[in-house]
Amino acid sequence: MKRFQCDVLVVGGGRAGLMSAYGAAINNASVMVASKGKVQRSGATVMAPGAISAVDDRWKMEGDSKEIHFEDTILGGCFINDQGLVKILCERSPEMVLELERMGALFQREEDGLSYSLRIDGGHRFARCPFLEDRTGKEMLKAMAGALRKLHVPLCENVMITRILKKEGRVAGAVGISTITGDTVLFDCGAVIIAAGGGGMIYENSDNPTDLTGDSYGLALAAGASLRDMEFVQFYPVGFLQPPSMKGIFAGLLYYSRLYNARGERFMEKYDPERLELSTRDRVSMAIVQEVREGRGTPGGGVYMDMTYQEPGFIAKMTPALYSTYINMGHDPETDCIEIAPTAHHFMLGIAVDERWSSGVPG
Ligand SMILES: Cc1cc2nc3c(=O)[nH]c(=O)nc-3n(C[C@H](O)[C@H](O)[C@H](O)COP(=O)(O)OP(=O)(O)OC[C@H]3O[C@@H](n4cnc5c(N)ncnc54)[C@H](O)[C@@H]3O)c2cc1C
């Protein structure tokens with residue numbers, strides 16, 4: 001058995017885990033990260049091609065504001081969101097973008113070399129999302145992992161935490177297993193931060209990596225935390241349908257695509273005529289399902305994603321990794337439409353926390 005001691009154990013090596021570890025380390029806590037997979041190779045963050053929504057006076061579009069970002073998020077969530085947490089998200093996300101940049105992350109710039117290029121995502125009224133090609137998540141992890149290495153924060157990779165340990169009602173450590181050797185790994189620590197991502201693998205069709213099985217919800221529950229909103233799983237509208245080995249895998253960015261049913265109709269004109277494919281993801285996914293149910297789907301049971309209207313070279317330039325996936329699969333996005341369907345994407349649910357991100361389980 002391996003045994004380690006630290007003040008704070010972070011469970012999870014994605015963007016939430018690494019940023020939490022960084023926060024603890026710069027506040028002089030001795031911190032360790034345990035990650036089921038390898039850092040920069042596991043979890044959803046490394047797969048995130050898109051962008052980070054964050055509004056700040058230094059880069060916002062005219063007319064946009066943090067208040068409008070807040071409103072868009074609440075409207076997109078049909079007023080079910082926890083407004084206190086959404087407010088914190090909108091307030092703090094620009095600081096996080098700048099923190100990532102200080103750590104060394106690159107974000108795409110306009111021709112002046114100064115202002116960020118911004119993407120618009122579904123449900124947003126303005127383009128407000130800094131990005132880097134289609135490797136925004138990878139870039140974030142690279143920067144954070146580098147910052148943690150400089151602070152000598154140990155990353156215990158391939159260690160799956162299986163139980164939070166408590167003594168006299170307080171968190172006292174955690175136990176896990178090495179996924180390589182099968183050895184038991186024990187951490188003595190006074191605080192545990194669970195940042196272990198979602199559980200897309202419980203669905204047959206998901207764009208999540210295989211390590212996201214949702215087991216960390218069990219960890220939290222057994223330690224006395226509460227879970228909330230467990231029914232809120234987001235389905236991303238655009239997952240590959242073919243070949244079977246790629247079914248469910250993230251197939252493209254909606255801001256560079258149009259969707260058509262088997263009759264050649266741009267069906268989002270009917271469901272959300274103003275925002276079209278840039279409606280919220282739940283609406284676009286439900287529209288696809290309705291088209292298929294009513295007999296207007298493709299032979300594989302989906303709809304067509306069309307990028308052929310883009311300028312030649314645009315898709316290859318803006319999304320080079322996705323472009324090479326299309327080409328390897330035998331699709332030229334400049335001439336072919338691709339069959340797609342919704343796929344389980346993002347767990348908006350999880351451990352119930354207050355506005356200080358505390359679960360209330362004493363440590
Ligand atoms: C294909 C795809 C594309 C996306 N695109 C975007 C985008 O463009 N913009 C955006 O904002 N969001 C995007 N998202 C969502 C975003 O990536 C995630 O919400 C975010 O990265 C989650 O970060 P995280 O740190 O919470 O979890 P993850 O990055 O999933 O990391 C979880 C970590 O926990 C580890 N872990 C799990 N269980 C255990 C355990 N028991 N013990 C130890 N370690 C454990 C995993 O191995 C992993 O290291 C996308 C998601 C996917 C899947």
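**Reading the sheets, domains and hollows**

Student: What makes the sheet of strands 4, 3, 2 and 8 an open one, and what kind of pairing does it have?

Tutor: In this predicted model, four strands follow one another in the order 4-3-2-8, and their pairing is parallel. Strand 4 (155-157) and strand 8 (191-194) are the edge strands, and each has a single partner strand, so one side of each is left without a neighbour in the sheet. From one strand to the next, the twist averages 20 degrees.

Student: How do you know that strand 3 and strand 4 pair?

Tutor: A pair needs at least two bridges between the strands. Strand 3 (residues 31-35) and strand 4 have three bridges, so the requirement of at least two is met. Their pairing is in the parallel sense, and Ser-35 stands opposite Glu-157 in strand 4.

Student: Which helix lies across strand 3, and at what angle does the helix run to this strand?

Tutor: That is helix 1 (residues 15-26), which also lies across strand 2 (8-11) and strand 8. Its angle to strand 3 is about 170 degrees. Angles run from 0 to 180 degrees between N-to-C directions, so a value of this kind tells us that the two directions are nearly opposed.

Student: Why is the pairing in the sheet of strands 1, 7, 6 and 5 called mixed or purely antiparallel?

Tutor: The term that applies to this open sheet, ordered 1-7-6-5, is mixed. In general, strands of a sheet pair either parallel or antiparallel. Strand 1 (2-5) and strand 5 (159-167) are at the edges with a single partner strand each, so one side of each has no neighbour in the sheet. Neighbouring strands here are turned by 20 degrees against each other on average, direction ignored.

Student: How many bridges join strand 5 to strand 6, and in what sense do the strands run?

Tutor: Eight bridges join the two strands, which run antiparallel. The bridge partner of Leu-165 is Gly-173 in strand 6. Strand 5 and strand 6 form a hairpin with two residues between them, and Glu-168 in the turn has a positive phi of about 50 degrees.

Student: What makes strand 6 and strand 7 a pair?

Tutor: Strand 6 (residues 170-178) and strand 7 (residues 184-188) share five bridges in the antiparallel sense, and at least two are needed, so they count as a pair. Gly-176 faces Val-185 in strand 7. Five residues lie between the strands of this hairpin, where Gly-182 has a positive phi near 80 degrees.

Student: What is the sign of phi at His-152, and why is it noted?

Tutor: His-152 has a positive phi of about 60 degrees although it is not a glycine. Most residues other than glycine have a negative phi, so a positive value is an exception. His-152 is placed in the loop between helix 4 (136-150) and strand 4.

Student: Is the peptide bond from Gln-242 to Pro-243 cis or trans, and what is its omega?

Tutor: This bond is cis, with omega near -10 degrees. Most peptide bonds are trans, so a cis bond is also an exception. Pro-243 belongs to the loop between strand 10 (233-240) and strand 11 (258-260).

Student: Into which domains is the protein divided?

Tutor: There are domain 1 (2-45 + 145-225), domain 2 (51-130) and domain 3 (233-346). The C-alpha centres of domain 2 and domain 3 lie 24 Å apart. Eight residues of domain 2 are in contact with ten residues of domain 3.

Student: Which domains and which helices contribute to the lining of the second largest pocket?

Tutor: Domain 2 and domain 3 each give at least three residues to that lining. Helix 2 (66-76) and helix 7 (281-293) are the elements that give two or more residues, and the largest share, three residues, comes from helix 2. Among the lining residues are Asp-72, Arg-125, Arg-275 and Asp-282. By class, the lining has two nonpolar, four polar and five charged residues. The pocket holds about 190 Å³ of space.

Student: What makes the largest cavity a cavity, and what is its volume?

Tutor: A 1.4 Å probe fits there but cannot get out, so the space is called a cavity and not a pocket. Its volume is about 30 Å³. The lining includes Leu-253, Tyr-256, Met-307 and Thr-319, and by class it has six nonpolar, three polar and no charged residues.

Technical notes: Residues numbered from 1 in each chain as written. Predicted model: local features only at pLDDT ≥ 70, side-chain atom pairs only at ≥ 80, totals over all residues. Heavy atoms only, no water. 1 Å grid on protein atoms, 1.4 Å probe; cavity = no way out; pocket = protein on both sides within 12 Å on 5 of 7 lines; lining within 4 Å. Points joined across faces, edges and corners; volume = space filled by probe spheres on them. Nonpolar A, V, L, I, M, F, W, Y, C, P; charged D, E, K, R; others polar. Domains from an automatic or database assignment. Contact = heavy atoms within 4.5 Å.
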